[in-house]
Amino acid sequence: MFYPLNYRTSFFSGTKLHYFTDIKNSHIYFRSAEHRAKQSEFMSKNKFFVVWEGKQPGIYRSWNECKQQIYGYGGAIYKGFVTETEAREAITSPCWDYIGKNVKEKKPSEEVIAKFGTPDLESLSVDAACSGNPGLMEYRGVYTRTGEEIFRQGPFKAGTNNVGEFLALVHGLAFLKQKNSPLPIYTDSITALAWVKAKKAKTKLEKNEINAVLFDLVSRAETWLKQNEYTTKIMKWETSFWGEIPADFGRK
């Protein structure tokens, strides 16, 4: 049994979350009409749900039926599809081909696996999206194996993708440290990796009244990095060989 409680990260305040003790079954979400609307959109768009790992693997014709097979099941793996044809093809294929992707992508070749390995699915993945440069920016973190959203922030006005990637990575580090989680964290941003290593966001974005809140978050993230030690392993997501990172917003 999981006991929900209100949770705030150590430097990102103002976002109320539900936290469940097992990250594999965590359902951490924003208490907002916008997020509930997005959940509703996900359920209405997808008419068929494939459960690869659950109480009873198979294809289910409603989200409620799917939920009965995955809730309370550690390491459940599932995904929604628009058509029955897609679902039937997916159930006979490795979940690798579908999890964390908007479009089906094939499993890496043996040559690629030998050179880069395969992603550690027991991990947290983070990513950001920005409409314009600068523009509306948001970021999130997901459980890599299932794509389950763990946290999400934004949108912020007059931001950049690099700033979002940096904040997402630091947010993930703070979250995992707060929970004493041994999970590693993936980012596909070389810039974010460099900024975190330097403990400084070397952005060329100019501060103004519109993005003052965003710069406050950046300052707090930099302070967190300087004041905290962490053991979390940060890894580069190899997009060219593994496909889009599971936290990707799918807007490319």
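Helices (H or I, at least four residues) and strands (E, at least two) are DSSP runs, numbered from the N terminus. The model is predicted: local features need pLDDT of at least 70, side-chain atom pairs count only at pLDDT 80 or more, and totals for chains, interfaces and linings use all residues. Residues are numbered from 1 along each chain as its sequence is written, and side-chain values use heavy atoms, with hydrogens and water left out.

**Figure 1. Overview of the protein and its confidence.** The average pLDDT (the predictor's confidence in each residue, from 0 to 100) is 79, and 76% of the residues score at least 70. Residues 1-38 have a pLDDT below 50; beyond near neighbours in sequence, this stretch has 85 contacts in the model, a contact being heavy atoms within 4.5 Å. Where pLDDT is low, the predicted coordinates should not be read in detail. Eight helices and ten strands make up the secondary structure. Of the 252 residues, 47% are buried; buried means under 20% relative accessible area, exposed over 50%, and partly exposed in between (1.4 Å probe, protein chains only). The exposed area is about 13,200 Å², of which carbon and sulfur atoms supply 50%; accessible areas come from the Shrake-Rupley method with a 1.4 Å probe, and for residues only the protein chains shown count as cover. Among contacts between residues at least 6 apart in sequence, 59% join residues at least 24 apart.

**Figure 2. Asparagine 180 in the loop between H5 and E9.** Asparagine 180 is not a glycine, yet its phi is positive, at about 55 degrees. The residue counts as exposed because its relative accessibility is 69%.

**Figure 3. Tyrosine 139 and phenylalanine 151, an aromatic pair.** Rings of Phe, Tyr and Trp (its six-membered ring) pair if their centres lie within 6.5 Å; planes under 30 degrees apart count as stacked, over 60 as edge-to-face and the rest as tilted. The whole structure contains seven aromatic pairs. In the pair shown, tyrosine 139 and phenylalanine 151 are edge-to-face, at 6.3 Å centre to centre with 75 degrees between the planes. Tyrosine 139 belongs to strand E7 (residues 135-143) and phenylalanine 151 to strand E8 (residues 148-159), so the pair ties together parts that are twelve residues apart in sequence. Tyrosine 139 is buried at 0% relative accessibility, and phenylalanine 151 is buried at 3%.

**Figure 4. Tyrosine 186 and tryptophan 237, an edge-to-face pair.** The ring centres of tyrosine 186 and tryptophan 237 are 5.1 Å apart and the planes stand at 85 degrees, so the pair is edge-to-face. Tyrosine 186 sits in strand E9 (residues 185-187) and tryptophan 237 in the loop between strand E10 (234-236) and helix H8 (239-242); the two are 51 residues apart, and the pair links distant parts of the chain. Both tyrosine 186 and tryptophan 237 are buried.

**Figure 5. Threonine 160 and the cis peptide bond at proline 134.** Threonine 160 lies in the loop between E8 and helix H5 (161-178) and is buried, with a relative accessible area of 10%. The side chain of threonine 160 reaches the backbone nitrogen of valine 163 at 3.2 Å. Leaving aside neighbours within four places in sequence, threonine 160 contacts Cys130, Asn133, Pro134, Met137 and Leu205. Asparagine 133 and proline 134 are joined by a cis peptide bond, with omega about 0 degrees. Proline 134 is in the loop between strand E6 (124-132) and E7.

**Figure 6. Backbone features of strand E8 at proline 155 and alanine 158.** The peptide bond from glycine 154 to proline 155 is cis, with omega near 10 degrees. Alanine 158, a residue other than glycine, has a positive phi near 55 degrees. Alanine 158 is buried, with a relative accessible area of 17%.

**Figure 7. Leucine 193 in helix H6 (residues 190-198).** Leucine 193 is partly exposed, at 25% relative accessible area. Leaving aside neighbours within four places in sequence, the contacts of leucine 193 are Leu169, Thr187, Ile234 and Lys236. Leucine 193 and lysine 236 are 43 residues apart along the chain, and their C-alpha atoms are separated by 8.1 Å.

Conventions: Polar contact = N/O pair within 3.5 Å; in protein donor to acceptor, adjacent residues only side chain to side chain.
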